[in-house]
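Student: Could we go through this model together? I would like to discuss its charged pairs and its surface.

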Amino acid sequence: MSFLIYSGINNFVFESVPSSSRSLLDVGCGDGSLGACLKKKGIQSVTGITYSEEEAIIARKRLDEVLVMDLDEFDGPLNTRQFDCIV
């Protein structure tokens, strides 16, 4: 199955991330474009979640960690993790 790869930055979301955030969870990270821009803004660690392995391949080059999972059946490795911000 082939998926479209999301490559975009939502400016409202980008501007809404508190400058005090150091770790961020990007749910629906696409190709990691938003997370990469946030890292340039000062976020130290960005973890992305996507349903698409194709997106994950690209996002892994930009983000610190990328998980491929179906959030409709979420019972994953993030249950014990904390983030300063979730988008």
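Tutor: The discussion below concerns a predicted model and turns to salt bridges, then to surface residues.

Student: How many salt bridges does the structure hold?

Tutor: The structure holds four salt bridges.

Student: Which residue forms a salt bridge with Asp31?

Tutor: Arg62 does, and the closest N and O atoms are 3.1 Å apart. Asp31 sits in the loop between β1 and α2 (33–41), whereas Arg62 sits in the loop between α3 (53–59) and β3, so this pair ties together parts that are 31 residues apart in sequence.

Student: Is Asp31 buried or exposed?

Tutor: Asp31 has a relative accessible area of 5%, and because buried means under 20%, Asp31 counts as buried. Its partner Arg62 is partly exposed, at 34% relative accessibility.

Student: And what about Asp64, where is its partner in the chain?

Tutor: Asp64 forms a salt bridge with Lys39, with 2.8 Å between the closest N and O atoms. Lys39 belongs to helix α2 and Asp64 to the loop between α3 and β3, 25 residues apart, and the pair links distant parts of the chain. Asp64 is partly exposed at 44% relative accessibility, and Lys39 is partly exposed at 26%.

Student: Which residue does Glu65 meet in a salt bridge?

Tutor: The side chain of Glu65 meets that of Arg81, at 2.9 Å from N to O. Glu65 lies in strand β3 and Arg81 in the loop between β3 and β4, 16 residues apart. Glu65 is partly exposed at 28% relative accessibility, and Arg81 is partly exposed with a relative accessible area of 34%.

Student: Why can such side chains pair at all?

Tutor: Side chains of opposite charge can pair when their charged atoms come close.

Student: Changing topic, which residues form the nonpolar patch on the surface?

Tutor: Val27, Leu71 and Ile86 form that patch, and together they have about 250 Å² of accessible area.

Student: Where is Leu71 found?

Tutor: Leu71 is in the loop between β3 (65–68) and β4 (85–86). Leu71 is partly exposed, with a relative accessible area of 41%.

Student: One last residue: what is the place of Pro18?

Tutor: Pro18 is in the loop between α1 (11–16) and β1 (23–27). Its relative accessible area is 38%, so Pro18 is partly exposed.

Student: How far apart are Pro18 and Asp84 in space?

Tutor: From C-alpha to C-alpha, Pro18 and Asp84 are 8.8 Å apart, while 66 residues apart in sequence.

Terms used: Residues are numbered from 1 along each chain as its sequence is written. This is a predicted model: local features need pLDDT of at least 70, side-chain atom pairs count only at pLDDT 80 or more; totals for chains, interfaces and linings use all residues. Side-chain values use heavy atoms; hydrogens and water are left out. Helices (H or I, at least four residues) and strands (E, at least two) are DSSP runs, numbered from the N terminus. Buried means under 20% relative accessible area, exposed over 50%, partly exposed in between (1.4 Å probe, protein chains only). Patches are made of residues with over 30% relative accessible area and no salt bridge: like charges are joined within 9 Å, nonpolar side chains (Val, Leu, Ile, Met, Phe, Trp, Tyr) within 5 Å. Accessible areas come from the Shrake-Rupley method with a 1.4 Å probe; for residues, only the protein chains shown count as cover.
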